[in-house]
Amino acid sequence: MTPDLMAKGTELAQAHAKLEAEKKQGQTESGGRSAGFSRMHKLGEVDTAHGRILYLEDVCVSFDGFKAINNLSLDIAPGELRCIIGPNGAGKTTMMDIITGKTRPDSGTVFFGSTIDLLRYKESEIAQMGIGRKFQKPTVFEQLTVFENLELALKTDKSVKSSMLFKLGSLQSDRLAEILHTIHLKPDAARLAGNLSHGQKQWLEIGMLLMQDPKLLLLDEPVAGMTDEETARTAELFLALKGKHSLMVVEHDMSFIKAISGDSGIVTVLCDGSVLAQGSLDQVQSDERVIEVYLGR
Ligand SMILES: Nc1ncnc2c1ncn2[C@@H]1O[C@H](COP(=O)(O)OP(=O)(O)OP(=O)(O)O)[C@@H](O)[C@H]1O
Ligand SMILES: [Mg+2]
């Protein structure tokens, strides 16, 4: 979820009861229908002519003298599903913090496409450019329905009241229906998000990101805490998203990594803040250094 959306959703949920009461009494302060507008995110074009949607070179970041990211270089192709594995403390989450503007590196280069220097932008601007991030813990609005959560993800107007009076256009309705189907929550559209299972909440949050049509999705340990069946469905979901979006998936669950990387997907192994090995899952799994630091003997 984007930082803006997180703040607005909380505000929106709090204002919900008040507006409902006002509507019943026919005394909205809002100016009625004319205030009920919003707009889709207008994502800037990302130039991927050089075959790369994300490009990191020699990135370093230290926390109190400790090099959490140490000359990290890595790039991802448009439509690719890249798996990132590595031991605890390798710097996987910190790398996502850098890409999304949450953490500023001490040095190095981070580009989105070949022209957008991400280090020049704030976290909220990066989200609006089309980089969606999913944290490990699901952050959906529990007191809103599945449908309302997805609807909320479309709204970029800062005013809570105009968000609440927002009407979906037909294209947006189609998109919402398509995403409900993609995330396997069509039968649950009217349920409160708080009543969903952990796995369903994770899918809903992914759906909320998809509503903004991100070019690149960063997913940090998306199947942690899921049942085996939910994990298998999540693998199907990611494989369906691949191609239409670029994905970077951090996970410790190796059977999930196997399912989503298939025969040809690239797996990057991070260790001590830089790339230790990279290649197909078979290649990295048989790499002595990877076995030593991560997979065990
Ligand atoms: N804000 C911070 N301040 C201080 N140290 C930090 C900060 N963020 C991360 N670190 C340190 O940087 C290192 C990398 O952490 P990070 O969370 O990126 O690892 P990770 O690969 O995501 O690990 P895990 O698999 O456990 O999630 C760790 O040693 C961590 O303690
Ligand atoms: Mg982490």
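How many bridges join strand E1 (residues 54-63) to strand E2 (residues 66-76)? There are seven, and the two strands run antiparallel. Pairing here takes at least two DSSP bridges between strands; helices (H or I, at least four residues) and strands (E, at least two) are DSSP runs, numbered from the N terminus.

A word on the set-up: this is a predicted model, where local features need pLDDT of at least 70 and side-chain atom pairs count only at pLDDT 80 or more, while totals for chains, interfaces and linings use all residues. Residues are numbered from 1 along each chain as its sequence is written, and chains are lettered from A and ligands numbered from 1 in the order in which they are written.

Back to the hairpin. Leucine 54 has isoleucine 76 of E2 as its bridge partner. Two residues sit between E1 and E2, and aspartate 64 in that turn has a positive phi. Most residues other than glycine have a negative phi, but here are some that go the other way:

| Residue | Phi | Place |
|---|---|---|
| Aspartate 64 | about 50° | turn between E1 and E2 |
| Asparagine 71 | about 55° | strand E2 |
| Aspartate 213 | near 50° | loop between helix H7 (198-211) and strand E7 (216-220) |

Asparagine 71 counts as partly exposed because it has 14 C-beta neighbours inside 10 Å; aspartate 213 gets that label with 15. The cut-offs, using C-beta atoms placed from the backbone, are 20 or more others within 10 Å for buried, 12 or fewer for exposed, and partly exposed in between.

As for ligand 1, the residues around it include Phe63, Ala68, Lys92 and Thr93, a shell counted by a backbone-placed C-beta within 6 Å. Helix H2 (residues 92-99) gives the largest share, three residues.
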